[in-house]
Amino acid sequence: MPIVVEADSLKWLLSLMQRKQTIDGKSIAQVHSLSLKAEGGRLVACTRVKDGVTSLMRLSIPCAGEGEFVLTDIEAALGVLKYHGGTLTITPSADKVMFKTRTKQTTLAASKEARAFPHTPETIALWTEKSHSLAKKIDADNMQYNTNDGQVLDVVMCLSDLNSTTLYEAFRCDSMNGQKFNKYTIDYTDGKLSITVGDELKGKTTTVIDGVAYSYVEEPKTQDINATYNGGLEYIFQNLNSDVNIGVWDFTHVGMGYPMLITLGEGDFIFQVSNEV
């Protein structure tokens, strides 16, 4: 059954799912391929970045129709969509996917059995299955994490209705004078949120975010947070245009630092682990 979406919406989803970040001075996509499923009026994508552990994403856009298709190369798909606009009809088959707008039709080869990344033996099908299995542990609406032994863990910090443009302005200072360290320190102390990037050689910048709404999930004790993240946060917030909520878990007791959850509504989220503490 064909799937119908707006071309610009699909371009946005694919661009964000690529999760580009700067590594050794180069902008490198952390996601190469993708499986997308249309059901319940949403086209959903869920995957991990290529190291398999540091980040997990679930994003969706409005759609009509139901079905599933894969993109073996997101960059190639974006290259196709560059030449399509308006309402886009997607028709998948066993080994290809067809994109059709009013006057154009483009076909791409596609297979679930293709490799998820050029240098991994795992197929897109297996990579997607594992990603969805991990995503089931995260309750984005209630900001809870379900452990393997059945525990339900609340975040220890939840910041509500944060403006994505304000956050982008803070994270993008990592590019000041061409630094691009892809390293972001988030601090919440005594009711104040700040983001620090860069170093003093070319410019270390701390941005204080005013008007933060804080929700105390764990009572009665307040927990301050100071954690450093990679994950191309500048790139993420450059591609967001709505308010977000951010929650943080304390997994220091098992050596996993302070994982962060960015929720976007509609069950969509970006999960990012922190660096070692």
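These exercises work through cavities, a buried lysine and two backbone angles in a predicted model.

**Exercise 1. Find which residues line the largest cavity, and where they come from.**

Step 1. Count the cavities. There are two of 30 Å³ or more.

Step 2. Take the largest cavity. Its space is about 50 Å³.

Step 3. Select the lining. The residues are Met157, Leu159, Leu162, Leu167, Ile186, Leu193, Ile195, Ile246 and Met260.

Step 4. Map them to elements. Strand S14 (157-162) and strand S16 (192-197) each give at least two residues to this lining. S14 holds the largest share, with three residues.

Step 5. Sort by class. Nine residues are nonpolar, with no polar and no charged ones.

**Exercise 2. Describe the lining of the second largest cavity by residue, element and class.**

Step 1. Note the volume. The second largest cavity has about 40 Å³.

Step 2. Select the lining. Ser33, Leu34, Ser35, Cys46, Thr47, Ala116, Ile124, Trp127 and Thr128 surround the space.

Step 3. Map them to elements. Strand S4 (34-39), strand S5 (42-48) and helix H3 (124-135) each give two or more residues to this lining. H3 gives the most, three residues.

Step 4. Sort by class. Five residues are nonpolar and four are polar, while no charged residue takes part.

**Exercise 3. Determine what surrounds Lys137, and whether its charge is paired or unpaired in a salt bridge.**

Step 1. Locate the residue. Lys137 sits in the loop between H3 and strand S11 (138-139).

Step 2. Check burial and charge. Lys137 is buried and has no salt bridge.

Step 3. Look for the nearest side chain of opposite charge. That is Asp149, 9.3 Å away. A salt bridge needs a Lys or Arg side-chain nitrogen within 4 Å of a carboxyl oxygen, so a pair at that distance does not qualify.

Step 4. List the contacts. Leaving out residues up to four places away in sequence, Lys137 touches Gln144, Tyr145, Asn146 and Asn148.

**Exercise 4. Compare Met143 and Asn177: where does each lie, and is each buried or exposed?**

Step 1. Recall the background. Most residues other than glycine have a negative phi.

Step 2. Read the angles. Met143 has a positive phi of about 50°. Asn177 also has a positive phi, near 55°.

Step 3. Place them. Met143 lies in the loop between S11 and strand S12 (144-146). Asn177 lies in the loop between helix H4 (164-171) and strand S15 (184-189).

Step 4. Check accessibility. Met143 has a relative accessible area of 5%, so Met143 is buried. Asn177 has 56% relative accessibility, so Asn177 counts as exposed.

Conventions:
Residues numbered from 1 in each chain as written. Predicted model: local features only at pLDDT ≥ 70, side-chain atom pairs only at ≥ 80, totals over all residues. Heavy atoms only, no water. 1 Å grid on protein atoms, 1.4 Å probe; cavity = no way out; pocket = protein on both sides within 12 Å on 5 of 7 lines; lining within 4 Å. Points joined across faces, edges and corners; volume = space filled by probe spheres on them. Helix = DSSP H or I, 4+ residues; strand = E, 2+ residues; numbered from the N terminus. Nonpolar A, V, L, I, M, F, W, Y, C, P; charged D, E, K, R; others polar. Buried < 20%, exposed > 50% of the residue type's maximum accessible area, 1.4 Å probe, protein only. Lys, Arg positive; Asp, Glu negative; His and termini not counted. Contact = heavy atoms within 4.5 Å.
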